[in-house]
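Welcome! Please take a look at the sequence and the model below, and then we will walk through them together.

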There are 2 protein chains.
Amino acid sequence: MARRIDKSSVPAVTVPRLATYLRKLRELRARGVERVSSKDLAQMIDLNAAQIRKDFSYFGEFGTRGVGYEVQRLIDEIARCLGLERTWNVVIIGAGLLGTALARYRGFSEQGFRLVGMFDSSARVIGASYGAGRVRSVAELEEFCAAQTVDIALVTVPAHAAQGTIDRAVAAGITAVLNFAPIKVFTPKDVIVRQVDLSSELMFLSFHLDRGSD
Amino acid sequence: MARRIDKSSVPAVTVPRLATYLRKLRELRARGVERVSSKDLAQMIDLNAAQIRKDFSYFGEFGTRGVGYEVQRLIDEIARCLGLERTWNVVIIGAGLLGTALARYRGFSEQGFRLVGMFDSSARVIGASYGAGRVRSVAELEEFCAAQTVDIALVTVPAHAAQGTIDRAVAAGITAVLNFAPIKVFTPKDVIVRQVDLSSELMFLSFHLDRGSD
């Protein structure tokens, strides 16, 4: 009976908030809470209640004054909106320390992201075990993607290798990339790239620390 | 002879761009390039040349039309502005897979972030080696911070433990935190917290993938 949301009406800027709502709502569900008001939720996550009501309005007006929102229904709607009602197949390219740690990171599989393969270019690590399987040569990536659906590539190669690696992933048909290499990469328009840049985050901290001590 | 920049005039929103400039300029220096124009730099990093000139104007007007900017001088000014001309002492709290991987991540030390200690609350890992030393009990954090300067905490504990861990770090005098736990934490105003939320980044990808396939 679920009404289909028109996802194109949900702006991308709301995605981090939706992720925050989802996390908090799942926590509430785990504690047996069945309904929550926008006001209470606002206090829990330090957001404005009007903003929350506006965000939830994308899923239809099912909050009831004095009663609140149904926690389970909100969870279902947000998870569907975020594309989490299905499983996404993920590969990791770059089997160094970060790649190997990510391969073992449980947080991903809990959200429906399934690691289906791990790749590297170095003969030193190709064939090594990463827990769920063995590291393949990156030269096999196209063949691998032709044989099974791969939705997302996590790229954990050094900066100088990132563009070439992502070009190869795109050529193999992958259209979503999470790039951990500290370098801006260029891709065709229909490919979405998100970047996690640990060095930049540290620079934010040192910038503020240094300013504070002036 | 270095003129002191008034850092309070540099807005925080420029920090990620400054990090990008610094990376590219160091690459150019490594290739022996001594001068670069805003136009050439703009092409290399896919930014508007006027934006680059505006950002560089915080460091004084030393670009020369037709000659460009001195690469080394820009590197010095940006590194100083980002607080990278000195070393920052870092601790990692949470010696799981992600914490251990970060302890071995060379990118940090290359930028002047020095890992001085690693902490965990689990008897299973306290005392274990993490490369540069042994994991300490988080109960020793305050004493540790009293005995030596600790500037930054990388927090890689599970979500449910993050707020308590960060409260403890703040009580120990740490004023800059990079939080990898997928939960919003609250701190006093003079503490800066940056968050790296891998699950949210993946949700961005699934949101777009799912929308693309509608």
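Let us begin where the chains meet: 48 residues from chain A and 48 residues from chain B form the contact, two residues being in contact if their C-beta atoms, placed from the backbone, lie within 7 Å. On the side of chain A that touches chain B, the elements giving two or more residues are α1 (15-30), α5 (97-103), α6 (106-110), β7 (176-179), β8 (192-195) and α9 (198-212) of chain A. Helices (H or I, at least four residues) and strands (E, at least two) are DSSP runs, numbered from the N terminus. The largest share of this side, 14 residues, comes from α9(A).

This is a predicted model, in which local features need pLDDT of at least 70 and side-chain atom pairs count only at pLDDT 80 or more, while totals for chains, interfaces and linings use all residues. Residues are numbered from 1 along each chain as its sequence is written, with chains lettered from A and ligands numbered from 1 in the order in which they are written.

Now turn to chain B. Here helix α1 (residues 15-30) and helix α4 (residues 71-81) of chain B pack at an angle of about 145°, and their axes are 9 Å apart. Axes are lines fitted to C-alpha atoms, for helices over the stretch in contact, and angles run from 0 to 180 degrees between N-to-C directions. Among the residues making this contact are Leu18(B) and Tyr21(B) of α1(B) and Val71(B) and Ile75(B) of α4(B).

Finally, chain A is assigned domain 1 (7-81) and domain 2 (88-201), with bounds from an automatic or database domain assignment. The C-alpha centres of domain 1 and domain 2 of chain A are 32 Å apart.
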